[in-house]
Amino acid sequence: MAILSPSILSADYMHFAEDMAQTKADGAKWLHVDIMDGHFVPNMSFGYAWVKAMRKITDLVLDVHLMIDTPIKYAEEFCKAGADYLTIHVEADTPENIQKTLEQIRSHGVKPGIVVKPKTPAEAIAQYLPMVDLVLVMTVEPGFGGQKFMADMMPKLKKLRQMLDEVNPQCHLEVDGGVDLTTGEVCKENGADVLVAGSAFFGSADRAAFCAQIEK
Ligand code: DX5
Ligand code: ZN
């Protein structure tokens with residue numbers, strides 16, 4: 001059993017509340033929210049206000065992915081805005097600040113997550129594995145939806161599942177980027193239990209069937 005986390009980057013912003021209600025009706029339990037600062041990644045997206053507004057219109061799990069520099073400066077506001085999971089990039093700050101940020105997120109009653117870009121090895125997050133509820137492996141370079149899935153991330157995914165099984169077996173292992181019904185299968189085979197899908201889910205002619213199939 002896996003969990004689908006539809007990435008709202010590909011949702012219909014002009015009919016957003018209706019689109020989220022439909023996404024819930026289609027069977028989704030989580031929503032993936034990409035926060036980009038135009039600096040850590042070469043794109044911009046949503047801020048606190050958007051997460052706060054989402055919290056008012058949906059009771060689905062808000063899986064917030066911060067693609068921003070020095071997340072220690074902003075994490076608290078995203079916690080207050082209503083994130084359920086708040087995931088920060090290991091590349092975005094010093095090890096000391098990454099540790100502090102994860103602790104700060106936890107102290108707000110929010111579940112902390114850590115994410116690695118494609119070129120970052122599994123070992124780079126080893127020290128944080130016991131203290132997080134979610135590990136995210138990027139299967140594209142972060143910044144944009146609709147990119148090609150990087151199958152060469154699978155050994156890293158598998159390795160992280162093994163590492164987690166030793167120190168934190170309850171922790172979710174999530175993949176993000178280029179995930180569709182075919183690549184999603186490969187991710188599940190390699191240990192992922194949460195699958196982010198943006199363009200493939202929102203572009204699907206039958207989203208309910210997509211959700212049911214990928215969550216099998
Ligand atoms: C990319 C984002 C993803 C993106 C995925 O930087 O983190 O969440 O929305 O989009 P797809 O599923 O279209 O690759
Ligand atoms: Zn994302």
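This briefing walks through the pocket, the nonpolar cores, the salt bridges and one loop residue of the structure above. Please keep in mind that the model is predicted. Its largest pocket holds about 230 Å³ of space, its largest nonpolar core has 58 residues, and 12 salt bridges are found in the structure.

**The largest pocket**

- If you would like to find the pocket on screen, start from F144, G145, G146, D176 and G177, which lie nearest its centre among the 26 lining residues.
- Several elements contribute to the lining, with at least two residues each coming from strand 2 (30–36), strand 3 (61–67), strand 8 (194–197) and helix 7 (199–202).
- By residue class, the lining of this pocket consists of 11 nonpolar, 11 polar and 4 charged residues.

**The nonpolar cores**

- In soluble globular proteins, nonpolar side chains tend to be buried together.
- Within the 58-residue core of this model, the members that touch the most others are I8, I35, V64, L86, I114, I125 and V135.
- Apart from that core lies another one of 9 residues, including I3, Y85, L134 and L136.
- V64 makes a handy place to look at the packing: leaving aside residues up to four places away in sequence, V64 is in contact with V33, I35, V51, F78, A83, Y85, L86 and T87.

**Salt bridges between separate parts of the chain**

- K24 and D59 join through their side chains in a salt bridge, with 2.8 Å from N to O.
- Because K24 belongs to helix 1 (residues 16–25) and D59 to the loop between helix 2 (48–57) and strand 3, this pair ties together parts that are 35 residues apart in sequence.
- The two partners fall into separate exposure classes: K24 is partly exposed at 41% relative accessible area, while D59 is exposed at 57%.
- E123 and K159 form another salt bridge, and their closest N and O atoms are 2.3 Å apart.
- This pair also links distant parts of the chain, 36 residues apart: E123 sits in the loop between strand 5 (111–116) and strand 6 (134–138), and K159 in helix 5 (residues 154–167).
- E123 is partly exposed, at 44% relative accessibility, and K159 is partly exposed too, at 36%.

**Salt bridges around helix 3**

- K80 pairs with E77 in a salt bridge whose closest N and O atoms are 3.8 Å apart.
- Both residues belong to helix 3 (residues 75–81), and they are 3 residues apart, so about one helical turn separates them.
- K80 is exposed, with a relative accessible area of 55%, whereas E77 is partly exposed at 34%.
- The pair is part of a network of salt bridges that links E76, E77 and K80.

**V41, a buried loop residue**

- V41 is found in the loop between strand 2 and helix 2.
- Is V41 buried or exposed? With a relative accessible area of 3%, V41 is buried, because the cut-off for that class is under 20%.
- Setting aside residues up to four places away in sequence, the contacts of V41 are M36, M67, P142 and G143.
- For a sense of scale, V41 and P121 are 80 residues apart in sequence, and their C-alpha atoms are 19 Å apart in space.

Definitions and conventions:
Residues are numbered from 1 along each chain as its sequence is written. Chains are lettered from A and ligands numbered from 1 in the order in which they are written. This is a predicted model: local features need pLDDT of at least 70, side-chain atom pairs count only at pLDDT 80 or more; totals for chains, interfaces and linings use all residues. Side-chain values use heavy atoms; hydrogens and water are left out. On a 1 Å grid over the protein atoms alone, a cavity is a set of points where a 1.4 Å probe fits but cannot get out, and a pocket is an open set with protein on both sides within 12 Å along at least five of seven lines; lining residues have an atom within 4 Å of a point. Grid points are joined across faces, edges and corners, and a volume is the space filled by probe spheres set on the points. Helices (H or I, at least four residues) and strands (E, at least two) are DSSP runs, numbered from the N terminus. Ala, Val, Leu, Ile, Met, Phe, Trp, Tyr, Cys and Pro count as nonpolar, Asp, Glu, Lys and Arg as charged, and the others, Gly among them, as polar. A nonpolar core is a set of buried Ala, Val, Leu, Ile, Met, Phe, Trp, Tyr and Cys residues joined through side-chain atoms within 4.5 Å. Buried means under 20% relative accessible area, exposed over 50%, partly exposed in between (1.4 Å probe, protein chains only). Contact means heavy atoms within 4.5 Å. A salt bridge is a side-chain nitrogen of Lys or Arg within 4 Å of a carboxyl oxygen of Asp or Glu.
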